[in-house]
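The exercises that follow are meant to be worked through with the sequence and the coordinates open side by side. Each one sets a task and then gives a solution in steps.

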Amino acid sequence: MPTDIRARLQLQAQPEMSENGERYSADCLHRYEVAAKQVRCVLNVAYGDDPQQKLDIFMPGNPSASDLPVIIFLHGGGWTNGYKEWSALLAPTATAMPAILVCPSYRLIPAVRFPTPVRDGIAALKWVRGHIGAFGGSPDKVFVAGHSAGGQIAAHIALEQSLLAEQGLATDAVRGCFCVSATFNRRMVSPRIAPDHVPAGDPQAIQPDSPLALAKTAKVPFLITWGGAEDERLFRTGQEMQEQLQQAGCPIQTHVFPDKGHFDMHLDLGVDGHESVALLAQWIRKILLA
């Protein structure tokens, strides 16, 4: 990725990704720069004591708006890469719904071990519920979402009752969970970057600390989407997650976007009028009206 934009944004260097991954990152960061200029926002708010525990808040243009739904969107990056700035591409479309978009950073592997990234996501959720009213949002209308690894973290936040309890949060702390291009049976950590953090065993097996292993007690509605041109494991584990959630009596909606790749699925959420944006907005309205 060109280092000028990362330096301009004062972002820390991270392990090199694939060529496609670096292009995707640069695209996301360019969109962040545009969103930060065009959308009303408050940036780099601390939700914890660690320098990596920061979040950005993007709000609709009307400063008098209140009781708005809130979307906490967690970036992907295989647990080892990613910036909260990647998520800002949703700012124009989310605030037009209208909703408030919150983009947290979280500590990355291998500097930390699992489930620290999930604990950071829950800490961000706790901060949002305690403070978002001052920005026009409703603490009772908070949705967690994410792309790729961020989608799996969002699922953990919706399912990890014990970790929620650690932060004094109940299982109804979120109204819904939106997972984009996520796997649910194990963490897909790069063995090149963090070999000691790759889950052991059969890559197709369900890890005991995975969302699929926790789905039987699910209560939060889920929306799961993936692209038809993505790796088959997303389709396979997405279907398995759907089955587990249905057995738990949990509301679940899935959607496959034909011919879309892994990065397309995230980038399209920033495109005004795109089907994925309409799907998300309709799903949120349906839950809030239920």
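## Exercise 1: a residue in a strand

Locate Leu74 among the secondary-structure elements, decide whether Leu74 is buried or exposed, and list what surrounds it.

Step 1. Leu74 lies in strand β3, in what is a predicted model.

Step 2. The relative accessible area of Leu74 is 0%, and since buried means under 20%, Leu74 is therefore classed as buried.

Step 3. Once its neighbours within four places in sequence are set aside, Leu74 is in contact with Ser87, Pro104, Tyr106, Gly121, Ala145, Gly146, His147, Gly150, Ile153, Ala154 and Ile157.

Step 4. As a check on distance along the chain against distance in space, Leu74 and Ala46 are 28 residues apart in sequence, and their C-alpha atoms are separated by 15 Å.

## Exercise 2: an enclosed strand and helix

Determine which strands pair with β6, in which sense they do so, and how many residues of β6 are buried.

Step 1. Strand β6 pairs with β5 in the parallel sense over five bridges, and with β7, also in the parallel sense, over four bridges.

Step 2. Phe178 can be followed across both pairings, for Ala145 stands opposite Phe178 of β6, while Leu223 is the bridge partner of Phe178 in β7.

Step 3. Gly176, Phe178 and Val180 are buried on one side of β6, and Cys177 and Cys179 are buried on the other, so both faces of the strand are covered.

Step 4. Because five of the five residues of β6 are buried, the strand is largely enclosed by the rest of the structure.

Step 5. The same reasoning can be applied to helix α5 (residues 149-159), where eleven of the eleven residues are buried, so that this helix too is largely enclosed by the rest of the structure. Among the buried residues of α5 are Gly150, Ile153, Ala154 and Ile157, and these four also appear among the contacts of Leu74.

## Exercise 3: the last helix listed and the nonpolar cores

Compare the span of α10 with the expected one, find which of its residues are buried, and examine the nonpolar cores.

Step 1. Helix α10 (residues 275-289) has 15 residues, and from its first C-alpha to its last it reaches 21 Å, close to the 21 Å expected at 1.5 Å a residue.

Step 2. Its buried residues are Ser276, Val277, Leu279, Leu280, Ala281, Trp283, Ile284 and Ile287, and the elements that cover them include β3 (68-74), α3 (91-95), β5 (137-147), β6 (176-180), β7 (222-227) and β8 (252-257).

Step 3. The largest nonpolar core has 56 residues, and those with the most contacts inside it are Ile57, Val102, Leu125, Phe222, Ile224, Met241 and Leu245. Apart from it lies another core, of 36 residues, which includes Tyr24, Leu90, Leu279 and Ile284.

Step 4. Beyond residues up to four places away in sequence, Phe222 touches several others, including Cys177, Cys179, Met241, Leu245 and Trp283.

Step 5. As background, nonpolar side chains tend to be buried together in soluble globular proteins.

## Exercise 4: backbone exceptions in loops

Identify where the cis peptide bonds are and which residues have a positive phi although they are not glycines.

Step 1. The peptide bond from Ile109 to Pro110 is cis, with omega near 10 degrees, and another cis bond joins Phe114 and Pro115, with omega about 10 degrees.

Step 2. Pro110 is found in the loop between β4 (100-104) and α4 (116-131), and Pro115 is likewise placed in the loop between β4 and α4.

Step 3. Gln10 has a positive phi of about 60 degrees, lies in the loop between α1 (3-8) and α2 (19-38), and is exposed, with a relative accessible area of 72%.

Step 4. Asp259 has a positive phi of about 70 degrees, is found in the loop between β8 and α9 (262-267), and is exposed at 70%.

## Exercise 5: the chain as a whole

Assess whether the radius of gyration of the chain agrees with that of a compact globule or departs from it.

Step 1. For 290 residues a compact globule would have a radius of gyration near 19 Å, and the chain has 17 Å, which agrees.

Step 2. Buried residues make up 55% of the chain, and residues 24 or more positions apart account for 75% of the contacts with a separation of 6 or more.

Terms used: Residues are numbered from 1 along each chain as its sequence is written. This is a predicted model: local features need pLDDT of at least 70, side-chain atom pairs count only at pLDDT 80 or more; totals for chains, interfaces and linings use all residues. Side-chain values use heavy atoms; hydrogens and water are left out. Helices (H or I, at least four residues) and strands (E, at least two) are DSSP runs, numbered from the N terminus. The expected span of a helix is 1.5 Å times one less than its number of residues. Buried means under 20% relative accessible area, exposed over 50%, partly exposed in between (1.4 Å probe, protein chains only). Contact means heavy atoms within 4.5 Å. A nonpolar core is a set of buried Ala, Val, Leu, Ile, Met, Phe, Trp, Tyr and Cys residues joined through side-chain atoms within 4.5 Å. The radius of gyration is taken over C-alpha atoms; the globule rule is 2.2 Å times the number of residues to the power 0.38. Two strands pair if DSSP finds at least two bridges between them.
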